[in-house]
Amino acid sequence: MNADYAHWVSVPTRWKDNDVYGHVNNVVHYSLMDTAINEWMIRTAGFEPGSAGVIGLCVESHCSYKAEVAFPDTIDLGLRIGRLGNSSVRWEAGLFRSDGTLVAEGHFVHVFVGREDRRPVPVPEAIRTEMLKLVRTGDTHE
């Protein structure tokens, strides 16, 4: 797997992921990235989305498609943090076919806010500590 990414998940594509053109539809790529990020937040960083007083809201997302992928391919998704600010994080993802071909690159920007007032707050310290392990080498933090 590509050493540029610190966290990896492998996801088998599903029959329903293919569209009429015979490849995985673009919305699936976004869903996989969002799922990998939130799975990491819950399992690794201890985030409790249903009860946490601080939540991360997606304020930006992007995906650049590089190659087709289709059922029954498996997608290996690498995750890293490109930028970690005081109240925001830029997640970066690379999606690869099992043969190593880059399928797509994307990013999500989350801003952490209070659940009730939706005002920006610092990334909770326990989550930040885990996030630092995913920061792309050479990048700076606020």
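Trainee: Let's start with Glu92: which side chain lies 2.8 Å from its own in a polar contact?
Mentor: A polar contact is a pair of N or O atoms within 3.5 Å; within protein, one must be able to donate a hydrogen and the other to accept it, and residues adjacent in sequence count only if both atoms are side-chain atoms. The side chain of Glu92 makes one such contact with Arg90, at 3.0 Å. The partner at 2.8 Å is the side chain of Arg136.

Trainee: Before we go on, what pLDDT do local features need here?
Mentor: Residues are numbered from 1 along each chain as its sequence is written, and side-chain values use heavy atoms, with hydrogens and water left out. This is a predicted model, in which totals for chains, interfaces and linings use all residues, side-chain atom pairs count only at pLDDT 80 or more, and local features need pLDDT of at least 70.

Trainee: Is Glu92 buried or exposed?
Mentor: Glu92 lies in strand β4, residues 88-97; helices (H or I, at least four residues) and strands (E, at least two) are DSSP runs, numbered from the N terminus. Leaving out residues up to four places away in sequence, Glu92 touches several others, among them Tyr5, Leu79 and His107, where contact means heavy atoms within 4.5 Å. Buried means under 20% relative accessible area, exposed over 50%, and partly exposed in between (1.4 Å probe, protein chains only). At a relative accessible area of 8%, Glu92 is therefore buried.

Trainee: Happy with that! Which strands stand at the edges of the sheet?
Mentor: Five strands form an open, antiparallel sheet in the order β1-β3-β4-β5-β2; two strands pair if DSSP finds at least two bridges between them. Two of them have a single partner strand each, so one side of each is left without a neighbour in the sheet: β1 and β2.

Trainee: How many bridges join β4 and β5?
Mentor: One place to look along these strands is Gly94, which stands opposite Glu105 in β5. The two strands, β4 and β5 (residues 102-114), pair in the antiparallel sense, and the number of bridges is nine.

Trainee: What angle does helix α1 make with β5?
Mentor: Helix α1 (residues 26-43) packs on the sheet and touches β1, β2, β3, β4 and β5. Axes are lines fitted to C-alpha atoms, for helices over the stretch in contact, and angles run from 0 to 180 degrees between N-to-C directions. The angle between α1 and β5 is about 50°.

Trainee: Why is Cys58 not bonded to Cys63?
Mentor: A disulfide is a pair of cysteine sulfur atoms within 2.5 Å, and a search of the whole structure finds zero of them. Cys58 is partly exposed, with a relative accessible area of 41%, whereas Cys63 is buried at 8%. Cys63 holds the cysteine sulfur closest to that of Cys58, yet the two are too far apart for a bond because their separation is 12 Å.

Trainee: And the rings: how many aromatic pairs does the structure hold?
Mentor: Rings of Phe, Tyr and Trp (its six-membered ring) pair if their centres lie within 6.5 Å; planes under 30 degrees apart count as stacked, over 60 as edge-to-face and the rest as tilted. One is the edge-to-face pair of Tyr5 and Trp8, at 5.8 Å centre to centre and 80° between the planes. The number of aromatic pairs in the structure is six.

Trainee: How many residues apart are Trp40 and Trp91?
Mentor: These two form an edge-to-face pair, 5.5 Å centre to centre with 70° between the planes. Trp40 is buried at 2%, and Trp91 is buried at 1%. The pair links distant parts of the chain, Trp40 in helix α1 and Trp91 in strand β4, and their separation in residues is 51.
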